[in-house]
Amino acid sequence: MRKAFVPLVVLGAAMFAYAPVAIAHTPYESTMLLIQKVFYFHLAAWAGLGLAISVCGIASAIYLFNGSKVADRLGVAGAELVVVFCTFGMISGSLWARKAWGIWWGWDPKLTMAFIIDLVFVGYILVRRFGGPGAEKLAAAMGIFGLATTPFIYKAADWWRTIHPQTSVMKTLSNTEGGAIMWSTVWFCIVTFLLLTVLVLAARTRLERLKTRLDELYLAAEDL
Amino acid sequence: MFFRTALLVLRKDVAIELRSYEIVSTTVFFALSCVAILSFAFVNEGQAPEGTAAGILWIAIAFSGTLALGRTFERERYGETLKALLLAPAPRPAIYLGKMLGIVALMLATEIVLVPMVNFLFAASLFARPGLLVVILLLGTVGYASVGTLFAAMLVRARTRDVMLPILLYPITVPVIIAGVRGTSALIASPVDDAVAQLWISLLAFFDVVFVTLALWTFEPLMTE
Amino acid sequence: MTLRRLWMLVLTFTLTASTLFAQPQPPVDGFVPAQSLPPTEQLPAAPLLIAAYSVFLVLMMGYLWTIWRRIGKVEQEMQELAKRQSGQPR
């Protein structure tokens, strides 16, 4: 990872620089026109969120049963990234909803799920910070249960009510002319975001690693 | 052995509770205060809008459940009995199961008072399908208590446990609350909507299975220091 | 070394920001009048779109900046500790 980090950062930055250009050159979607262009980063953010949640949940489980420090660090990094992506997803979705449905917030399943996931992982961060000794384990449990409850929240909110453009966006994407270009832009953005997720995870775990090393140094200094 | 241990833990909790009725009485009173406060928010011109009864019932259950969880484990912490319990040569998951059954019993005791009270105050026909209502209440309570017991038990060691329990517990149990509220309002609706109620019951059952399994699985590593 | 890497990251993101702000605007002027939109749907989309993309940049950059700053702090503290330790034995 360490050797690949710099080239990956360069690649990620280049992809990010190109993404707006690609989005600007993608043709309009037939019914939603300009505002549909939010979709490219919006969907990509959910892809990043999915990766971050999975990383956090699985790393939490590994930490809980294995005591692996690496998994613990990945867990923190994943949780923080979940909060960032989730917040962005909600805000961008809200801006889109304002144009598309005329409301900022509609309590539809995906919004509800995003909101609750945000709460869960803010809870993860809070318990880690204020939980006192042994808080890592509490947070790990939160990560596991957060990952496990996500489909339930989605299902429950889905049965509760729905107005989100289910898969209609996807369908119109493949039907309209220039659909192929739209799809390629979508995939480009998703790959860019997944790469970004990996890079940020690496940077954040590095911070945790440095912190533990600092603590060790302090301990060693006290022993002298 | 496994179920005997669980039942022993449950019997211990029930025996302690029966000596003073401290948690049951305070929790019931708290649930009723919740109902009163919520009624100020929703009742307009002497009438609550249709369907609020289900929401109020489940909010009261969730809030009073948190209180019961906090008090139960505060008692354990005070006597340092949880530590002793964990030191005993008994399977940890069995201890969890016993504690969870105790919480479920407490919450059901609260609901026995709460449900008729809500039914009476909001003129809701909660008992149109008593069987389905019992199933929804039971499954919802088990789902809530399964996560709640695990979190309350692991928070015993944390300094900020009073704030942390609701912060951690409510987002995770959102599906239970949604399913409980929706299922119950399907029962209140004037032609009772059996199909919808059964849909929510199936979600609740699925949730219960997944979360009880997960809790039994993670209780052991969580409680080892 | 790490600082330089992170600087590079931040710098490239800033560059991205400028393209982001510049890119989405031209189509608004060029295309929307040509479309015969019903008057009810003429809520301007461009500000919302730009807001969405800038929110992402602000959030991500802000988050990366906090990581970068915290790494800097920890490294500085390590250096100070090392300095103090090398001073001590004499």
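**Exercise 1. Chain C**

Task: Find how many helices and strands chain C has, and how they follow along the sequence.

Solution:
- This is a predicted model.
- Count the elements: chain C holds three helices and zero strands.
- Read along the sequence, and the pattern is α-α-α.
- Turn to burial. Of the 90 residues in chain C, 19% are buried.

**Exercise 2. Where chain A touches chain B**

Task: Work out how many residues of chain A are in contact with chain B, and which elements of chain A they come from.

Solution:
- Start with the two sides. Chain A brings 29 residues, and they are in contact with 26 residues of chain B.
- Next, locate the elements on the chain A side. Those giving two or more residues are α2 (38-66), α4 (109-130) and α5 (135-160) of chain A.
- Then find the largest share. It belongs to α5(A), with 17 residues.
- Finally, sort the chain A side by residue type. It has 21 nonpolar, six polar and two charged residues.

**Exercise 3. A helix pair in chain B**

Task: Describe how α3 and α8 of chain B pack, and name the residues that meet.

Solution:
- Two numbers describe packed helices: the angle between their axes and the distance between the axes.
- Place the helices. In chain B, α3 spans residues 52-78 and α8 spans residues 174-188.
- Give the angle: about 145°.
- Give the distance: the axes are 8 Å apart.
- Add the hand. The crossing of α3(B) and α8(B) is right-handed.
- List the α3(B) side: B:Ala53, B:Ala54, B:Gly55, B:Leu57, B:Trp58 and B:Ala62.
- List the α8(B) side: B:Ile177, B:Gly180, B:Val181, B:Thr184, B:Ser185 and B:Ile188.
- Classify the residues of this contact. Eight are nonpolar, four are polar and none is charged.

**Exercise 4. Positive phi in chain B**

Task: For B:Tyr21, state phi and place the residue in the chain. Is B:Tyr21 buried or exposed?

Solution:
- Phi of B:Tyr21 is near 55°, a positive value in a residue other than glycine.
- B:Tyr21 sits in the loop between α1 (2-20) and α2 (22-42) of chain B.
- Count its surroundings: 11 other C-beta atoms lie within 10 Å of B:Tyr21.
- A residue is exposed if that count is 12 or fewer, so B:Tyr21 is exposed.

Task: Do the same for B:Glu80, starting from its phi.

Solution:
- B:Glu80 is not a glycine, yet its phi is positive, about 50°.
- Its place is the loop between α3 and α4 (81-87) of chain B.
- B:Glu80 has 10 other C-beta atoms within 10 Å, so B:Glu80 is exposed.

Note on methods:
Residues are numbered from 1 along each chain as its sequence is written. Chains are lettered from A and ligands numbered from 1 in the order in which they are written. This is a predicted model: local features need pLDDT of at least 70, side-chain atom pairs count only at pLDDT 80 or more; totals for chains, interfaces and linings use all residues. Helices (H or I, at least four residues) and strands (E, at least two) are DSSP runs, numbered from the N terminus. A residue is buried if 20 or more other C-beta atoms lie within 10 Å of its own, exposed if 12 or fewer, and partly exposed in between; C-beta atoms are placed from the backbone. Two residues are in contact if their C-beta atoms, placed from the backbone, lie within 7 Å. Ala, Val, Leu, Ile, Met, Phe, Trp, Tyr, Cys and Pro count as nonpolar, Asp, Glu, Lys and Arg as charged, and the others, Gly among them, as polar. Axes are lines fitted to C-alpha atoms, for helices over the stretch in contact, and angles run from 0 to 180 degrees between N-to-C directions. A crossing is left-handed if the near helix is turned anticlockwise from the far one by less than a right angle, and right-handed if clockwise.
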